[in-house]
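User: Please take a close look at the interior of this protein. I should like one connected account, with the wider setting given where it helps.

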Amino acid sequence: MEKTSAGPGGKAHLDTTRLRLISAASEVLSGSALLSLAVGDAVAALNGVGGMGHLRDDRVLRLLATDGAACADAEAWEGLSADSPAVPAVAVQEGHAVWRSLDPGAMGTDMGLPMPGDCVVAVPFAGAYEVRGALTVFLDHPGPPDGGEMMFLKRLAALLSRHLARSPFDETQSQTLTDGNSLRWHPAPEPDSAGASKRNAGRWEWEPCADRVTADDKVIRMAGLAPDTFDDRAATWFSAVHPSDAPAVLTAIEQAVTDGLSFTTTYRIRSPVNRSLRVEAHGVGDFENQGGAPARWVGTVRDVTASTVEQDQIERDASAAPGGALAVDDEWQVVYADSQAERLLGGGRLSARKLWSLAPDIAALRDRCISAAAAGEQLESEISLPGTEQLYRLRVSPGRTGTAVSIIPGRMDGVANRLAEPFALAGWGDRRALLIGNLTEGLAQTLTVRDVVQAMIAHLVPLFGATGLVVAAIDGRRLRVVGSFGYDPSVTDLLDGMTVDALSPAAEVLRDRRPLFVTSAAEYVERYPHLAYLPTLGHKQAWAFLPLIASGRPVGYCALTFDTPRSLVEDERTLLIALSGLVAHAFERARLYDAEHHRAEELQRGLLPRTLPALLAVTAAARYVPAGPGTEVGGDWYDVIPLSSERVALVVGDVTGHGVSEAVTMARLRTAVRTLADLDVPPEELLTRLDGLITTFEGSISASCLYAVYDPTTCVLSFASAGHPPVAFLHPGGSAYFPPLEPNPPLGLALPPFSTVEVVLPPESLIVLYTNGLLQTPATDIDAGLARLGQVLTRTATAAAPIVDGITHLDALCRSVTGTLLSDEPRHDDAVVLIARSHAMDPRDIVSWSLPENPVAAGQARELARNQLADWNLDELSMTTELLVSELVGNVVRHAEGPINLRLLRGRTLICEVSDGSLTTPRIRHAGESDEGGRGLQLVAALAHRWGARFTTTGKCIWTEQRRPGDVAEA
């Protein structure tokens, strides 16, 4: 065949494609044909000038295959001694890859063997018990193969080893050298037709962009074409396909292109020589550009005419067996029918058809069947079927969620009934119909992938007496295990992450889209010797691998496994394949739901604070727990907002309802709360403004909210609530309690004004804010929930020993509280808990003075500030602080009214506060060039790190913050 090349980016894809092809071809080709295919691919993959394949026969290496330049010198390489120093023999002797440069004086030259090229490399391959032979490639460069090329050769040898372990070479093969030393093989006759089909196989390649097909002579002749006149065009190649089969062939190829997988299709050849010839084509695409059309296809074609005739005869024999079995759902639609039932009732597929439409005599029994099913009683009646004069017995056996229907040849009172009854699958009966119905019902009710796996464990596993189950999803090019049963995690960890290109049973069923049944551990090891450790690790002896195909594409696979060797009968396999279709659609639906639910949860978590700020006033921790499976995301949120003068706002809220729109509403409210908090408005006013905002949102929206402000200089917590459960307090060494709170309707339904409650807290008290989801369940009311929360808080906080370097382990406390309160019952609402430990500022860090209401106040303020900063060792800030307090006090004297108060706080920053009795808010204005005033606040803004104003109960307060020397304060 003509060599093809690929760029660096596509070479790895092409090599993988070649390995996949050889893996598939090993199932249908004889040993010598497979070795010939492997030699050709090895030469192509390494861009070599020739190659050979040797098989060890006692003390001699027999030459079984050649390619390229090696063909001309094949006779010289035949019959090598196994002890020879030639490269293939050394590879067999030592059991590992060997390469040599063929410069003058090299061993190959001394032996007198012809050496095409500049370098030779050989890799050994094994049989069931020993090294059996070697693959050899000649290269036209003196250096060794690179790492990727050597890895390809080793993987190729491993494939040959796997094939030989289960299907040794036919030792009766003979060979002759003819036509100028070209190798021609004449295999010994094989007794069975399967062997003939293996011999009648060949290899092809198709490059769609170049419109070129290359194939060996055997394949070209099989297609009814002449090797000497074949023009390599794809149109000529496809012209050999029978017109009736061409659409199916093209559909298989198009589907393989869409899915990025291989295809296998069987079709007839339009051959003037053999009109009954039927072949099976297997192709693997080289998807170099990952997502586009394949750059080339490589594959095999084999004659399956004999095996097709044999299979037709098997099906005809099976169809002669008596009896049939069906299962129908509650609507009397057929959910399962075996091959005998389909034969008896017309020969077509019966799935999804009503039972009454299958035969007139069955339709006549409709009312009796419905009555018997309603009463839970079995019904038997004689019927006749169209197209036959024989009488049959119809048995209807109702179950909890479905009904089993048996059609048994013979009269009800005849001896033939008892003889034919085994063919009606009497053991299948009620229990199997019940399990099928339960599985169908269970899959219909599933929502998540976890639900689907649990339904399979509960209903599919016992249906077939399996002891293990593995379910995996396709994730890009890998298979991710999403659920299992009967396996140790160490085993499923090995299965998780296997690629879809791997040489494994799971990857094989996905590539071929056909189930695989392995009846024993010995068969498993024979098919997959490189995975021989898995049956031992998993303690399994039989496997049923099923591809999960939904909407025409593979989405994953499932494997039913058994502790003992097991061969499923034909009806069991048919049923299992049919049920895997139901599982696949439920599985894909659940995956879409999980993905959407995960995105919604990520959205919600992204809208919540990623971290809580480190503050002087409080140490805080929070935990958000989403609702249980089947419930959309909610609108619960929390926040910790730094305020001026080391105060802090603690917020928790809950938007009514569940869904993405509620999560978006939560984000809008949280943003609004932060904006209003920046204005330093009191809690009752903030909730009033928030209520006005929520009424402008589209739709009927309501939300609860609790907003609290803690001042570490006074240890006072002020809070207001709009329809939210009360805040909980836990004093050091005390019990949790809930202060009385006048109930208010939620935002959107409230009638302001809201009431504010003030509580003086001892230092190191716990402040606990939460949402309804932490308290209420379908079986618990709000009062019982509050009582239980108080008990859990008291017990958990007392039992914990969470102080590390002076910081309470509030994260552990949050986890403990939510874990205790939310573990008993399924959650139908998300929950938030925010716990803050209050701290008091050191009195030595707080100083305040009353100032006279006259111009001398500014001078006094400067002197007081200068002296205090000296006491605090903050002299570096003295000049700036004097300017700030002088300007602020001067503004009060000129534009406001007393009393005037100056306060300094040494917190994370140096804070200066000047308060007065006026409600006029200062603002920066742009002064003109001739204006004598109006620049005071501009100076304040330039000197201070931050500044602002807030209203108090007696007037207002202007404050500034300055960064302390050596510290970087939070903005």
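Analyst: A residue is called buried when its relative accessible area is under 20%, exposed when that value is over 50%, and partly exposed in between. Thr136 has a relative accessible area of 1%, under 20%, and therefore counts as buried in this predicted model. Thr136 belongs to strand β6, which covers residues 131-139. Leaving aside residues up to four places away in sequence, Thr136 touches Gly50, Gly51 and Met52, then Pro88, and also Val120, Val121 and Ala122.

The protein as a whole gives the setting for this residue. Of its 971 residues, 50% are buried. The secondary structure consists of 29 helices and 41 strands. Among contacts with a separation of 6 or more, 61% join residues that are 24 or more positions apart. On the outside, the protein exposes about 43,000 Å², and 52% of this area is supplied by carbon and sulfur atoms.

The interior also contains enclosed space. Searching the whole structure gives six cavities of 30 Å³ or more. The volume of the largest cavity is about 200 Å³. Its lining is made up of 19 residues, and those that lie nearest the centre are Leu495, Tyr524, Leu534, Trp543 and Phe545. Five elements are named as giving two or more residues to this lining: the helices α18 (489-495), α19 (505-512) and α21 (533-538), together with the strands β23 (542-550) and β24 (553-562). By class, the lining of the largest cavity has 15 nonpolar residues, three polar residues and one charged residue.

The second largest cavity has a volume of about 110 Å³. Among the residues that line this second cavity are the aromatic residues Trp204, Trp206, Trp237, Phe238, Phe263 and Tyr267. The rest of its lining is formed by Val213, Val249, Ile253, Thr265, Ala281 and Val301. At least two lining residues come from each of β9 (201-207), α9 (234-238), α10 (246-259) and β11 (263-268). Strand β11 gives the largest share, three residues. The lining of the second largest cavity comprises 11 nonpolar residues and one polar residue, with no charged residues.

Helix α9, which helps to line this second cavity, also bounds a loop with a backbone feature. Asp232 lies in the loop between α8 (217-222) and α9. Although Asp232 is not a glycine, its phi is positive, about 65°. The relative accessibility of Asp232 is 30%, so this residue counts as partly exposed. Asn873 provides another case, with a positive phi near 60° in a residue other than glycine. Asn873 is placed in the loop between α27 (856-871) and α28 (878-895). Its relative accessible area is 66%, and Asn873 is therefore exposed.

The cysteines complete the account. Cys369 has a relative accessible area of 0%, and so it is buried. Cys705 is likewise buried, with a relative accessible area of 0%. A search of the whole structure finds zero disulfides.

To return to the starting point, Thr136 is a buried residue in strand β6, with contacts that include Gly50, Pro88 and Val120.

Methods:
Residues numbered from 1 in each chain as written. Predicted model: local features only at pLDDT ≥ 70, side-chain atom pairs only at ≥ 80, totals over all residues. Heavy atoms only, no water. 1 Å grid on protein atoms, 1.4 Å probe; cavity = no way out; pocket = protein on both sides within 12 Å on 5 of 7 lines; lining within 4 Å. Points joined across faces, edges and corners; volume = space filled by probe spheres on them. Helix = DSSP H or I, 4+ residues; strand = E, 2+ residues; numbered from the N terminus. Nonpolar A, V, L, I, M, F, W, Y, C, P; charged D, E, K, R; others polar. Buried < 20%, exposed > 50% of the residue type's maximum accessible area, 1.4 Å probe, protein only. Contact = heavy atoms within 4.5 Å. Areas by Shrake-Rupley, 256 points an atom, 1.4 Å probe, with all protein chains shown as cover. Disulfide = S-S within 2.5 Å.
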